[in-house]
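Trainee: Before I look at the model, could you take me through the reasoning behind the words used to describe it?
Mentor: Gladly; let us have it in front of us and begin with a term.
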Amino acid sequence: MTDEPRVTVLSTEEVFSRDFFRWVSIRFTYRRYDGTTSGPVDRIVFDRGDSVGMLLHDIPRNEVILVEQLRIAAVGHGTGWLLELPAGRIETGDSPEATASREVREETGAEAAEMEPIASFYLSPGACSERLHLFYAPYPEGLEIQEHAGLAEENEDIRVARVPFEEALEMIKDGRLADAKTILGLLWLQARLA
């Protein structure tokens, strides 16, 4: 194996940018497993920036906190209203931990507890640069939340739900939960508690 870079970017061009979304056209070559170099390859990448998700666990009640809100991209496969973990985009200059604390407050009204990293992962690396940093926040003394939350200036209308942990696992099995970060976080917690 050589120390040469496996990917050589020949050019990048911003195709579209609006709000906090960007599409970038990238032309590159890469070294194949047989040692040869590919011809030029063109791809469009959705550059959204990184995000966080928070698994809030009310230990005395053995409940997890989920938020329900409209996700317009999901409307074609149902109502578009998804139950998921509180989450949000990392602002420039913020750490994942600071973003997680802010999003918990904005989306549930709760103060973030001590956080433990679960994992960082790509959501759809074939086309999107976004990595999600997933955290676990245990609340050993219980957890106070609001019933409705969200920022009006971001058009957020969020219903906050306490869900018994065992019921949340059933919601994965019967398809009521369809959000990847939420499923991953709950399965992580199931393994931890086993």
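Mentor: A crossing is left-handed if the near helix is turned anticlockwise from the far one by less than a right angle, and right-handed if clockwise. In this predicted model, α2 passes α3 in a left-handed crossing.

Trainee: Why are α2 and α3 called oblique to each other?
Mentor: The axes of α2 (residues 165-173) and α3 (residues 180-193) come within 10 Å and cross at roughly 130°. Angles over 145 degrees count as roughly antiparallel and those from 65 to 115 as roughly perpendicular, and since the crossing angle falls in neither range, the two helices are therefore oblique.

Trainee: Which residues of α2 and α3 meet?
Mentor: From α2 there are Phe165, Ala168, Leu169 and Ile172, and they meet Ile183, Leu186, Leu187, Leu189, Gln190 and Leu193 of α3. By class, this contact has nine nonpolar residues, one polar and no charged ones.

Trainee: What makes the pair of Arg48 and Glu130 a polar contact?
Mentor: The cut-off for a pair of N or O atoms is 3.5 Å, and the side chains of Arg48 and Glu130 make their contact at 3.1 Å. Arg48 lies in the loop between β3 (41-47) and β4 (51-58), and, leaving aside residues up to four places away in sequence, Arg48 also touches Phe20, Phe21, Arg89 and Ser129.

Trainee: How do you know which element has the lowest confidence and which the highest?
Mentor: By mean pLDDT, strand β10 (residues 148-149) is lowest at 72 and α2 highest at 98, while the mean for the protein chain is 92.

Definitions and conventions:
Residues numbered from 1 in each chain as written. Predicted model: local features only at pLDDT ≥ 70, side-chain atom pairs only at ≥ 80, totals over all residues. Heavy atoms only, no water. Axes fitted to C-alpha atoms, helices over the stretch in contact; angles between N-to-C directions. Helix = DSSP H or I, 4+ residues; strand = E, 2+ residues; numbered from the N terminus. Parallel < 35°, antiparallel > 145°, perpendicular 65-115°, else oblique. Contact = heavy atoms within 4.5 Å. Nonpolar A, V, L, I, M, F, W, Y, C, P; charged D, E, K, R; others polar. pLDDT = per-residue confidence, 0-100. Polar contact = N/O pair within 3.5 Å; in protein donor to acceptor, adjacent residues only side chain to side chain.
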